[in-house]
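Me: I have a structure open next to its sequence and would like to talk it through with you. Could we start with the metal site and work outwards from there?

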Amino acid sequence: MTDPAGAVLTGPSSVGSGPTEADWAAAVAAVRQLPADGRVLLICHVNPDGDALGSMLGFGLGLRRLGVRRLQATFPGPPELPEPFHGLPGLDLLVPEAQAYPDPDLVICFDAASASRLGALADRLATAGTALVLDHHASNTRFGGIHLVEPTAAATSVVAEELLDRLGVPLDAGIAECLYVALSTDTGSFRFEATTPAVHQMAARLLATGLRPGEISRRIFDHRPFGAVRLFGEVLGRARLEPAAAAGLGLVWTYATLDDLDRHEQRPYVLEALIDSVRCTAEADVACVVKQVTAGQWAVSMRSKGAVDVSRVAVALGGGGHRFAAGFTGLGSAEEVVGRIRELLDDALIVEAGQERPRGVSGF
Ligand code: AMP
Ligand code: MN
Ligand code: MN
């Protein structure tokens, strides 16, 4: 059995195909059959990124255009957004989780691979009349009632756009900006493997509403306080290269502590961009950034250039993600967290169909 990229499906990230026509019809019906005063709660994953927020707010603006009035968007944790997202359209839909409808008629989840990514808001899966899930993680656990989970989609916003289209909602500039932020975040600004012709066609539809991609990209990707620039310098300066890790494909990693953030007077979200500076290391297929959340607890980001399925490592350690971008919550010291990753990397090599072992591997 092969996945759409032609690789042998070998591990826990394997799932079936995307939504069936019956799934799409059920999702459309869930929205269309809402009572006139129906309450809709949109939830995206904890520590939201551009795809989580962008697909949620873009879809929310679409629902508003359909005439849904009792509509909230939320995410678990402190009701605080990273600065790059402060200009997103639809922010007025956001409420802190404590104010979210306790028993909405319809709950819609965005970009969350498992219920645990919804934090305490996961209880709405039981209290809501209907639970609809829009996602693109191969590791999706099929929580909720109606599943629009498309593992070949570059972003959850691809699924959101299709559902809006099936609901007859035309794109406007506000919806399009949200979906564009989502799409460009998850494709690494249209650089990753998932950047198919269909992705560019969707980007073209979004840009045609009058968006300014240069301005949006600067705001989302190329804009950080000077303190964060200096913090990056320090954290990159302590990066370690382990050429023998991952069966000789190489691991590069670094860590950042709460003390680092304090000294440079920075908020934790600035560290999200750090992995992009680490993963460009030529000598390593796998890159990892370990970010302290509390004493002894770390948010771990992993990336692979293509020879290692990092989602297998993440899932084994209680997290999730995609083959080439995954994460989990690590406990202990940063060294211990990386030690656990190192142990699992050899078993996460991707063996392509008809190929004995990945290029660059010297032996098992
Ligand atoms: P990040 O490194 O935070 O950009 O995350 C990369 C990918 O891994 C995303 O698709 C996330 O949804 C997923 N991911 C990150 N952290 C976790 C976690 N603690 N649990 C499950 N999935 C995660
Ligand atoms: Mn996400
Ligand atoms: Mn995503």
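Me: Happy to have you along! How are the donor residues of the manganese ion (ligand 3) spaced in sequence?
Reply: Keep in mind that this is a predicted model. The protein donors are D51 (OD), D111 (OD), H136 (NE2) and D186 (OD), which lie 2.1 to 2.3 Å from the manganese ion (ligand 3). Read along the sequence, the spacing of these donor residues is D-x59-D-x24-H-x49-D.

Me: How many residues apart are D51 and D186?
Reply: D51 sits in helix α2, while D186 belongs to helix α5 (residues 173–186). The pair links distant parts of the chain, and the separation is 135 residues.

Me: Which spacing do the donors of the manganese ion (ligand 2) follow along the chain?
Reply: This ion is coordinated at 2.1 to 2.8 Å by H45 (NE2), by D49 (OD), listed twice, and by D111 (OD). D49 is in the loop between β1 and α2, and D111 is in the loop between β3 and α3 (124–127), 62 residues apart. Along the chain, the donors of the manganese ion (ligand 2) follow H-x3-D-x61-D.

Me: Which residue coordinates both the manganese ion (ligand 3) and the manganese ion (ligand 2)?
Reply: The donors of ligand 3 include D51, D111, H136 and D186, and those of ligand 2 include H45, D49 and D111. The two ions are 3.8 Å apart, and the residue that coordinates both is D111.

Me: Now for the sheet: which strands stand at the edges?
Reply: The open sheet has 5 strands with parallel pairing, in the order β2-β1-β3-β4-β5. An edge strand has a single partner, so one side of it is left without a neighbour in the sheet. The strands in that position are β2 (70–74) and β5 (146–149).

Me: By how many degrees are neighbouring strands of this sheet turned against each other on average?
Reply: The order to follow is β2-β1-β3-β4-β5. With direction ignored, the average turn between neighbours in this sheet is 15 degrees.

Me: Which residue in β2 stands opposite L41?
Reply: Strand β1 (residues 39–44) pairs with β2 in the parallel sense over 5 bridges. Opposite L41, the residue in β2 is Q72.

Me: What angle does the direction of helix α2 make with that of β1?
Reply: Helix α2 (residues 50–65) packs on the sheet, where it touches β1, β2 and β3. Helix α1, by comparison, lies across β3 (106–110), β4 (130–135) and β5, running at about 120 degrees to β5. For α2 and β1, the angle is about 165 degrees.

Me: Are α2 and α4 roughly parallel or roughly antiparallel to each other?
Reply: The axes of α2 and α4 come within 9 Å and cross at roughly 10 degrees. Angles under 35 degrees count as roughly parallel. The two helices are therefore roughly parallel.

Me: How many polar residues does the contact of α2 with α4 have?
Reply: On the α2 side the contact is made by D51, S55, G58, F59 and G62, and on the α4 side by T156, S157, A160, L163 and L164. By class there are 4 nonpolar and 1 charged, and the polar count is 5.

Me: At what angle do helix α1 and helix α4 pack?
Reply: Helix α1 (residues 21–32) and helix α4 (residues 156–166) have their axes 10 Å apart. E21, W24, A27 and V28 in α1 meet V159, E162, L163 and R166 in α4. The packing angle is about 65 degrees.

Me: How many nonpolar residues are in the contact of α5 with α6?
Reply: Helix α5 and helix α6 (residues 197–207) pack at about 150 degrees, with axes 9 Å apart. The contact is made by A176, L179, Y180 and L183 of α5 together with V199, M202, A203, L206 and L207 of α6. With no polar and no charged residues, the nonpolar count is 9.

Me: Last one: which residue in the hairpin of β8 and β9 takes a positive phi?
Reply: Strand β8 (residues 286–294) and strand β9 (residues 297–304) pair in the antiparallel sense over 8 bridges, and the bridge partner of V289 in β9 is S301. The hairpin has 2 residues between the strands. The residue with a positive phi near 80 degrees is G296.

Definitions and conventions. Residues numbered from 1 in each chain as written. Chains lettered and ligands numbered in written order. Predicted model: local features only at pLDDT ≥ 70, side-chain atom pairs only at ≥ 80, totals over all residues. Heavy atoms only, no water. Axes fitted to C-alpha atoms, helices over the stretch in contact; angles between N-to-C directions. Helix = DSSP H or I, 4+ residues; strand = E, 2+ residues; numbered from the N terminus. Contact = heavy atoms within 4.5 Å. Pairing = 2+ DSSP bridges. Donors = N, O, S within 2.8 Å, 3.2 Å for Na, K, Ca; no water. Nonpolar A, V, L, I, M, F, W, Y, C, P; charged D, E, K, R; others polar. Parallel < 35°, antiparallel > 145°, perpendicular 65-115°, else oblique.
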